[in-house]
Amino acid sequence: MIKLNVDDLHLSYGSNAILKGVSMQLSRGEVVSLLGPSGSGKTTLLRAVAGLEQPHRGSIRIDGQNVFDGATKLEVPAERRNLGLVFQSYALWPHKTVFENVAYGLILRKTGKEAIAEKVMSALKNLGLGQLAERYPHQLSGGQQQRVAIARALVYNPPVILLDEPLSNLDAKMREEARAWLRELILKLQLSALVVTHDQNEAMAMSDRILLLSEGRIEQQGTPQEMYGNPRTLFCADFMGNNNRIEGRVAERRDGAALLAGEGWQLWGRACGDNAGASGTGMIRLERVRLADGPGENRLRLPLVTSMYLGDRWEYLFHEGELRFRAYGHEPIIAGEHWIEMPRDDLWIF
Amino acid sequence: MKSVRHLALALCAWAALPLAHAQAPAGYPSDYAALVAAAKQEGKVRIYAATDTAAANPLIKDFEALYPGVKVEYSDMNTTELYNRVISEKAAGGTSGDVFWSSSMDLQIKLVNDGFALTYKSPEASKLPDWAVWRNEGYGTTYEPIVFIYNKRLLKPEEVPQSHGDLAKVLAANPERFKGKLTSYDIEKSGVGFLLITQDASLNPAFWDMAKAIGAASPRFQSSSGTMMERVGSGENLLGFNLIGSYALQRAKKDPGIGVVMPKDYTLVMSRIMFITKTAQNPNAAKLWLDYILSRRGQTVIANQSGLGSIRADVEGELTAHGLARTLGNALKPIQVGPGLLTYLDQAKRLEFIKQWQQTAAARK
Amino acid sequence: MSSVAATVPAAAGGFPGRQWSRGMVISLTALAVLAPILLILYQSLLDAPFFDQAAKPGFGAYRFIFDDPDFWSAAKNSCFIAVGMALIAVPLGAALAFLMVRTDLPGQRWLEPLLLIPVFVSPMVLSFGYVVAAGPVGFYSVWFSDLFGGVPWNVYSLTSIAVIAGLTHVPHVYLYASAALKNLGSDVEEAARMSGASPLRVALDVSLPMVMPALLYSAVLVFFLGFEIFGLALVLGDPEGHLVLATYLYKLTNKLGTPSYHLMAAVAVCIIAVTVPLVMLQRHLMKNAAKYVSVKGKAGRQRPLPLGAWRWLAAALIAGWLVVTVLVPLSGIALRSVVNYWGEGVSLVDVLTLDHFRTVFGQPALMRGIWNTVLIGTIGGGLAVICYTAIGLATHRQPDGWSRFVDYLVLVPRAVPGLLAGLAFLWVFLFIPFLSPLRSTIFAVWLAYTVVWLAYGLRLVSSSLLQVGAELEEAARSAGASRARTSRDVTLPLIRHGLLASWLLVFMIFEREYSTAVYLLNPGTEVIGSLLVSLWATGGADMVAALSVINVVLVAVGLGVALRFGVKLHD
């Protein structure tokens with residue numbers, strides 16, 4: 001069942017177009033991430049769904065109800081869309097206690113006093129905040145505030161919950177824990193959620209589907225595995241992981257493969273995208289580059305500049321002329337020249 | 001001392017009279033009791049005045065004591081404001097004052113001439129000098145000589161001018177001493193100041209010579225008599241001319257540093273003009289008030305408590321027409337209440353006079 | 001853009017109640033602002049008072065004033081004063097802000113509340129104070145000349161007026177400059193010091209350019225206030241014939257013998273023609289300043305710059321400024337209020353008296369004035385803040401055409417001199433039938449004050465409103481609260497301290513205001529400010545001094561309460 005349907009949405013600030021025709025769907029129990037660099041329009045899309053921004057074309061349907069339609073000039077204000085929204089800053093009302101913050105949506109829905117107490121307390125318990133009901137937001141830690149914000153958005157059972165960069169205000173270590181916790185919560189409560197994030201790891205970990213936005217358009221969408229393992233555009237390939245990038249000319253194309261060549265080197269890779277021109281860009285994930293023991297197909301001999309210890313592994317940096325590669329390994333290697341291999345299937349040529 | 005006794009006498013005289021509602025005062029029409037009753041019906045009289053509340057308070061108290069049941073609503077404002085108020089309120093058609101009382105004689109006569117005043121022959125009219133009544137509409141109510149003031153501490157007795165001629169001489173004799181220390185009205189900002197100086201111009205044959213002497217002293221022109229008195233009192237200025245005597249004498253009582261001179265050659269006398277409005281909502285009470293002000297009882301209060309000077313010859317005291325006539329005699333030149341005052345309300349004439357005055361008498365900047 | 005605007009009515013469709021109240025607030029504001037100003041404009045195009053049947057349209061009024069050399073001399077003087085004020089107030093205000101915000105100046109905590117006093121003292125009071133204290137035979141002048149054999153200053157000169165006006169407007173610049181400096185992180189300055197710049201170089205090369213928009217903004221503000229100077233010029237400039245535009249306007253009341261409304265209105269239109277572009281310029285600068293904010297450094301902890309031995313000199317200079325702008329005039333007026341007379345050769349001990357206060361307390365009109373002043377400051381100030389809040393909420397985070405309209409609208413009264421705004425309100429109250437019964441009530445004065453100070457009050461309120469994070473309101477909206485409900489449950493509770501502070505500031509401004517009420521003065525509408533002007537004109541210097549002291553005491557009480565409750569007088 002489709003919980004959220006966005007069709008051909010256009011939005012601009014003055015003459016500056018932010019969304020240039022975005023369409024997407026969110027099914028029941030599904031988590032979709034809006035991913036993209038800053039300025040790609042992902043937060044604007046989320047806010048437009050929430051009713052906090054005004055699109056001028058397209059339509060938005062929530063739970064089968066039209067909430068925005070550019071053609072008929074229909075626009076349901078934010079408060080009538082019945083959505084749960086978790087802000088990046090959490091936006092807890094500083095003058096209300098945790099209980100009052102969470103209860104507010106229920107009060108507005110004219111829920112009875114006892115029902116409110118019951119629902120709020122059960123939401124707080126669900127989120128591990130049972131003892132904090134009477135505290136004020138400033139008395140809570142960042143993680144606790146985040147949970148209150150989520151409880152506040154969930155308590156009245158909205159059909160869709162919107163999360164705007166929910167983890168970005170937490171420090172790096174807590175972020176990973178919160179990510180797992182949030183995913184668990186979403187599954188447990190069978191939430192349909194739209195999450196905005198700029199962190200591809202977060203997007204992949206939390207969502208069933210990712211929408212990658214670039215300059216107000218959807219660049220590519222799919223499951224995390226598709227997005228990571230089979231990008232259709234250079235932008236997507238580049239955005240989704242840590243990559244080595246090689247610029248060169250395309251010397252030959254054959255059977256879905258292409259030969260990228262430069263000053264004294266050539267590499268075969270998978271031909272991706274619809275580029276038919278003379279120059280191309282090769283891209284390979286850092287973790288796919290292998291150290292090799294001698295010459296061979298798609299192997300290059302390059303001097304090691306440095307190796308960096310990352311704790312769970314080593315990162316090597318090779319550099320000569322226009323060629324610059326980074327790779328991972330499990331032990332330190334000695335200075336000097338090494339053979340490295342770019343497996344033919346893992347090198348994408350756009 | 002004398003004035004107190006006088007007041008007591010006057011009060012006794014009034015007390016001896018039968019009560020007002022029982023019988024009309026002597027010389028009043030026989031139906032005056034009906035007027036009083038009608039006034040009481042109205043219950044109040046609204047007065048717009050350009051006379052300090054402090055000066056008016058004794059009159060208001062006495063009037064309310066005389067006619068219990070008629071309350072006085074007294075609004076004090078400056079002369080131009082009063083004029084503005086009158087014409088704009090008439091145009092707007094809302095409530096306005098019943099009685100207007102202002103020292104700006106020319107504006108008052110203009111209002112009378114423009115048909116704002118109710119014609120009412122006060123039973124007291126015959127007791128007033130002829131020059132003080134215009135068409136049984138506008139009545140002069142006070143007798144206020146126009147004076148020089150000087151700083152007693154800083155000015156030697158021989159330096160004090162005793163006449164307008166002296167003023168010119170004193171200034172000419174010692175221009176450095178008086179440089180920036182002579183003060184008077186700024187005739188552009190003060191309607192009274194303008195009125196007085198134009199009266200000077202018509203009375204004093206040597207007026208423009210005097211103006212030249214004044215100009216040579218770089219005078220400091222102010223928009224109000226209060227400022228002039230403050231500055232002469234403090235010694236910032238030494239000499240001021242064309243001040244309203246009633247104010248100056250009162251101030252001199254409090255501030256021993258201020259001396260007052262009534263010029264011997266001629267002393268202008270100003271009189272506050274009062275009239276009842278045609279559209280008065282309380283016409284009877286307004287008539288009562290006008291009659292009271294012109295009456296001997298009212299004039300006695302004016303002379304002895306308000307310090308404004310009585311216009312009636314039959315009121316005794318220092319500051320009365322009677323008392324002043326003894327010392328100044330024919331030198332007293334009352335400003336006529338009548339259309340002569342309108343001459344300089346003609347815009348072109350007025351601007352021409354202002355220009356000439358400024359070129360001659362204003363401070364060299 | 002047009003298509004965005006086109007969706008607004010659609011959005012409004014679902015919420016007639018909300019839009020209705022918003023429309024109501026906006027139209028009432030427009031009415032209160034535009035009615036007087038249009039009346040002025042209309043009046044300036046007639047040759048007699050507009051209510052006169054014989055009034056004919058024409059440009060005669062403009063011809064008259066343009067032919068009058070006094071007008072041009074007044075315009076020249078106004079320019080001189082405005083330029084002089086800006087030249088004095090801006091550098092001093094900037095330096096003061098730098099010293100207060102960035103250095104280890106001693107006694108900052110004590111100085112801070114004192115710095116703003118000149119803003120809250122009525123210029124009328126200040127001017128009387130200067131005449132009495134530093135005039136040719138003022139208290140201090142006499143002492144000074146006894147010691148040194150002469151007085152090197154003349155408070156009545158045009159230069160003195162400009163200097164006094166400049167010194168009393170230092171706080172205006174200080175407010176903007178210090179706010180900008182506080183927002184400016186010390187990291188950018190530290191970066192400059194690390195690159196080898198001395199503290200002075202840092203101030204000149206980094207801090208100054210970065211607060212430049214704020215300084216420019218305040219320079220325009222001060223320049224523009226220079227055109228509105230009335231009280232100072234009335235009291236100090238008049239006797240030597242120095243007219244400024246506002247006093248020229250006042251003079252026109254009498255120049256022709258009968259009041260020349262059309263001429264006054266024409267002068268007012270000329271003043272507005274100067275101030276409106278300035279207000280627009282200010283608005284433009286404000287926007288630019290906002291752009292600057294996005295590139296500012298990180299506002300973090302700031303380490304004060306050590307001044308070393310200079311700190312005492314700096315403190316002494318500030319103290320000197322306060323003595324000249326506050327202590328001298330206020331002590332002068334206080335002294336005047338307890339002596340019968342004064343001047344050269346008068347021993348003050350002999351003439352001490354409390355009579356003036358006794359007289360004030362004995363006169364019902366003056367007592368009513370004091371009472372009204374208190375009322376208009378407390379209750380009136382509170383009501384004004386409520387109005388400002390309503391207007392603020394009507395435009396809060398609704399960036400549509402109506403909000404822009406209100407934005408410009410509130411600037412209009414700012415450009416009209418208070419004196420004339422008062423006159424225009426008198427006309428409004430006279431000629432709008434259902435308002436006329438209210439003319440002689442304090443409501444008339446309150447309305448005029450509220451409109452005249454609209455821009456100021458709205459700025460106070462909206463700076464509070466802007467401090468409420470947009471997300472806090474959006475969170476309420478998505479939780480299901482309508483705009484009105486959001487305002488009630490989230491916005492208003494969050495800005496209540498800000499509103500309280502606004503109330504106190506508006507209280508002090510209303511206590512101090514004088515020119516607006518001059519033409520509205522009536523039994524029942526007396527306030528101290530207008531009584532001062534009126535008594536000054538009729539010569540009651542004793543009363544003026546006593547009332548001034550009472551006025552200063554009222555303001556001081558407000559200031560005391562503000563400090564007691566820890567209200568920050570500026571951000």
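**Exercise 1. Two residues with positive phi in chain A**

Task: Determine whether A:D63 is buried, partly exposed or exposed, and compare the finding with A:Q190.

Solution.
Step 1. In this predicted model, A:D63 has 18 other C-beta atoms within 10 Å. A residue counts as buried at 20 or more such atoms and as exposed at 12 or fewer. A:D63 is therefore partly exposed.
Step 2. A:Q190 has 9 other C-beta atoms within 10 Å, so this residue is exposed.
Step 3. Now consider the backbone. Most residues other than glycine have a negative phi. A:D63, however, has a positive phi near 55 degrees, and the phi of A:Q190 is likewise near 55 degrees.
Step 4. Locate both residues. A:D63 belongs to the loop between β4 (57-62) and β5 (65-69) of chain A, and A:Q190 to the loop between α5 (172-189) and β9 (193-197) of chain A.

**Exercise 2. The surroundings of A:L26**

Task: State in which strand A:L26 lies, whether A:L26 is buried or exposed, and which residues A:L26 touches.

Solution.
Step 1. A:L26 is part of strand β2 (residues 16-27) of chain A.
Step 2. Within 10 Å there are 23 other C-beta atoms, so A:L26 is buried.
Step 3. Leaving aside residues up to four places away in sequence, A:L26 touches A:K3, A:L4, A:V32, A:V160, A:S192 and A:L194.
Step 4. A:F350 is 324 residues from A:L26 along the chain, and their C-alpha atoms are separated by 30 Å.

**Exercise 3. Three strands joined by hairpins**

Task: Describe how β18(A) pairs with β17(A) and with β19(A).

Solution.
Step 1. Strand β17 (residues 299-309) and strand β18 (residues 314-320) of chain A are antiparallel, with 5 bridges. Within this pairing, A:T306 has A:L317 as its bridge partner.
Step 2. The hairpin formed by β17(A) and β18(A) has 4 residues between the strands, and A:G311 in the turn has a positive phi of about 100 degrees.
Step 3. Strand β19 (residues 323-329) of chain A also runs antiparallel to β18(A), and 7 bridges join the two. Here A:L317 stands opposite A:R326.
Step 4. In the hairpin of β18(A) and β19(A), 2 residues lie between the strands; A:G321 in the turn has a positive phi of about 55 degrees.

**Exercise 4. The two domains of chain C**

Task: Identify the domains of chain C and describe the side of domain 1 that touches domain 2.

Solution.
Step 1. The domain assignment divides chain C into domain 1 (1-38 + 354-571) and domain 2 (86-227 + 235-240 + 304-353). Their centres, taken over C-alpha atoms, are 28 Å apart.
Step 2. In the contact, 22 residues of domain 1 meet 17 residues of domain 2.
Step 3. On the domain 1 side, α18 (355-362), α26 (483-512), α27 (528-538) and α28 (541-564) of chain C each supply at least two residues. The most come from α28(C), with 10 residues.
Step 4. By class, this side of domain 1 has 14 nonpolar, 5 polar and 3 charged residues.

**Exercise 5. A helix of chain C and its cover**

Task: List the buried residues of helix α10 of chain C and name elements that cover them.

Solution.
Step 1. In helix α10 (residues 158-168), the buried residues are C:I161, C:A162, C:I164, C:A165, C:G166 and C:T168.
Step 2. Their cover includes α5 (69-102), α7 (117-120), α8 (123-134), α13 (199-226), α14 (231-237) and α17 (310-337) of chain C.

Conventions: Residues are numbered from 1 along each chain as its sequence is written. Chains are lettered from A and ligands numbered from 1 in the order in which they are written. This is a predicted model: local features need pLDDT of at least 70, side-chain atom pairs count only at pLDDT 80 or more; totals for chains, interfaces and linings use all residues. Two residues are in contact if their C-beta atoms, placed from the backbone, lie within 7 Å. Domain bounds come from an automatic or database domain assignment. Ala, Val, Leu, Ile, Met, Phe, Trp, Tyr, Cys and Pro count as nonpolar, Asp, Glu, Lys and Arg as charged, and the others, Gly among them, as polar. Two strands pair if DSSP finds at least two bridges between them.
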